[in-house]
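User: I'm new to reading protein models and would like a close look at one part of this one. Could you take me slowly through the packing around the helix at the start of the chain, and then show me how the rest is filled in?

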Amino acid sequence: MIEARHLRVLRAVATTGSFSAAARDLGCTQPAVSQQMKALESSAGTPLLIRTGREMRLTQAGEALVRHASGILAGLTAAEEEVAAIAGLRAGRVRLVSFPSGSSTLVPGALAALRAAHPGTRVSLVEAEPPRSVEMLRDGDCDIALAFRYGAPGGEWDDLVVRPLLADRLIGLVPEGHRLAGADSVGIGELADEPWIAGCPRCRRQLVEVCEASGFTPRIDFATDDYPAVIGLVGAGLGVAVLPELAIESVRPKGARTVTVEPAVEREIVALTLPDLARVPAVAATLDQLSLAAAR
């Protein structure tokens with residue numbers, strides 16, 4: 001295998017015309033230059049220099065190697081500088097995927113703080129709900145996935161680095177003129193006879209389980225994955241709903257009132273990455289800023 005240090009020696013010998021002059025240029029001894037050249041010729045499998053008395057000429061193979069050496073060494077230097085910039089957070093890229101209510105609440109503040117602290121780091125954002133976002137992370141299509149889960153932690157993320165961010169409680173939504181609009185808290189059983197508007201499929205499954213545990217099955221008249229649409233339907237008096245608190249923060253609930261629903265149901269909001277990616281400075285800095293944004 002040809003090593004970069006050997007190419008540097010060969011180029012110095014070709015430029016100066018002798019081992020001694022090359023040694024002076026490289027800041028090493030003449031025997032060291034001679035040893036490096038022998039190692040390079042051994043790796044190449046052919047002579048690279050012709051020594052005749054004090055004269056030294058390149059063989060055809062030597063000329064070819066010198067011709068390529070400049071480009072190779074320049075590329076290595078550029079690579080070293082780029083890696084050093086990434087390691088020092090003067091450059092770098094982070095691909096972030098988030099669910100919509102996280103994109104509108106946690107992500108903006110985190111990315112603004114990251115840009116202020118490390119302006120050379122670029123972050124891209126696409127939206128996807130779990131489990132699709134987690135699949136994207138495992139497939140190498142993103143570096144960080146903002147995700148959520150309900151209930152006790154299982155083993156579905158055991159291969160990932162999990163950064164807990166916050167507990168996001170489900171909040172009830174009723175029309176402004178509803179009989180329970182002014183209540184401090186509402187037992188979910190009190191909404192048993194109401195028409196329901198369901199949110200995303202994951203929230204809907206959790207809603208059905210909670211309602212059934214309280215002795216009824218919700219009558220879902222309207223189904224939509226769009227949070228503003230859910231709030232608009234409630235505001236128009238067409239039904240009641242429960243949404244994550246982050247979702248309500250991201251949309252002004254015009255015509256609707258929020259109520260605390262009992263029993264409390266929370267989803268765990270986390271940032272996920274792969275173990276190797278967690279050691280990348282730009283990824284680690286983004287995780288830190290997401291944690292700070294969640295704590296505000």
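Analyst: Here is a walk from that helix to the cores and a few residues beyond them. Keep in mind that this is a predicted model.

Let's begin with H1, which covers residues 4-16. Two other helices pack against it, so we'll take them in turn. In general, a pair of packed helices is described by the angle between their axes and the distance between those axes.

The first partner is helix H2, residues 19-26. The axes of H1 and H2 come within 8 Å and cross at roughly 120 degrees. Angles of 65 to 115 degrees count as roughly perpendicular, so at that angle H1 is oblique to H2. The crossing of H1 past H2 is right-handed. Who does the touching? On the H1 side you'll find Arg8, Val9, Ala12, Val13 and Thr16, and they meet Phe19, Ala21, Ala22, Asp25 and Leu26 of H2.

Now turn to helix H3, residues 30-44. Its axis is 9 Å from that of H1, and the two pack at an angle of about 115 degrees. That makes H1 and H3 roughly perpendicular to each other. This time the crossing is left-handed. The residues that meet are Arg5, His6, Val9, Leu10 and Val13 from H1, with Val33, Gln36, Met37, Ala39 and Leu40 from H3. Look back at the H2 contact and you'll spot Val9 and Val13 there too.

Let's zoom in on one residue of H1, namely His6. Buried means under 20% relative accessible area, so His6, at 4%, counts as buried. Beyond its neighbours within four places in sequence, His6 is in contact with Gln36, Ala39 and Leu40, and those three are on H3's list of touching residues. With Gln36 there's something extra: the side chains of His6 and Gln36 make a polar contact at 3.0 Å.

That's the helix itself, so next come the cores. The largest nonpolar core has 40 residues, and Ile144, Leu146, Leu165, Ile188 and Trp196 have the most contacts inside it. Several elements give it two or more residues, including strand S3 (93-98), helix H5 (100-117), strand S5 (144-150) and strand S6 (161-175). Helix H10 (281-295) is on that list as well, and H10 gives the most, with seven residues. Apart from this core lies another one, of 17 residues, with Val33, Met37, Val66 and Leu73 among them. You've met two of those names already: Val33 and Met37 are H3 residues that touch H1.

Back to the largest core for a moment, and to Ile188. Not counting neighbours within four places in sequence, Ile188 is in contact with Trp196, Leu207, Val210, Cys211, Ser214, Phe216, Val261, Glu262 and Pro263. The last two names on that list are worth a pause: Glu262 and Pro263 are joined by a cis peptide bond, with omega about 0 degrees. Pro263 lies in the loop between S11 and S12. There's a cis bond from Pro130 to Pro131 as well, with omega near 10 degrees, and Pro131 lies in the loop between strand S4 (122-127) and helix H6 (132-138).

Next, see how parts far along the chain can come together. Ala110 sits in helix H5 and is buried, with a relative accessible area of 1%. Its C-alpha atom is 4.8 Å from that of Gln289, though the two are 179 residues apart along the chain. Leaving out residues up to four places away in sequence, Ala110 touches Gln289, Leu290 and Ala293.

Two more buried residues round things off. Ser98, in strand S3, has 0% relative accessibility, so it counts as buried. Beyond its neighbours within four places, Ser98 is in contact with Ser103, Val107, Leu125, Val126, Glu127, Ala128 and Leu146. Leu146 should ring a bell, as it's one of the residues with the most contacts inside the largest core.

Finally, Gly239 lies in the loop between helix H8 (227-235) and strand S10 (241-244). Being in a loop doesn't leave Gly239 exposed here: it is buried, with a relative accessible area of 4%. Not counting residues up to four places away in sequence, Gly239 touches Pro175, Pro195, Ile197, Leu233 and Val234.

Conventions:
Residues numbered from 1 in each chain as written. Predicted model: local features only at pLDDT ≥ 70, side-chain atom pairs only at ≥ 80, totals over all residues. Heavy atoms only, no water. Core = buried A, V, L, I, M, F, W, Y, C linked by side-chain atoms within 4.5 Å. Buried < 20%, exposed > 50% of the residue type's maximum accessible area, 1.4 Å probe, protein only. Helix = DSSP H or I, 4+ residues; strand = E, 2+ residues; numbered from the N terminus. Contact = heavy atoms within 4.5 Å. Polar contact = N/O pair within 3.5 Å; in protein donor to acceptor, adjacent residues only side chain to side chain. Axes fitted to C-alpha atoms, helices over the stretch in contact; angles between N-to-C directions. Parallel < 35°, antiparallel > 145°, perpendicular 65-115°, else oblique. Left-handed = near helix turned anticlockwise from the far one by under 90°.
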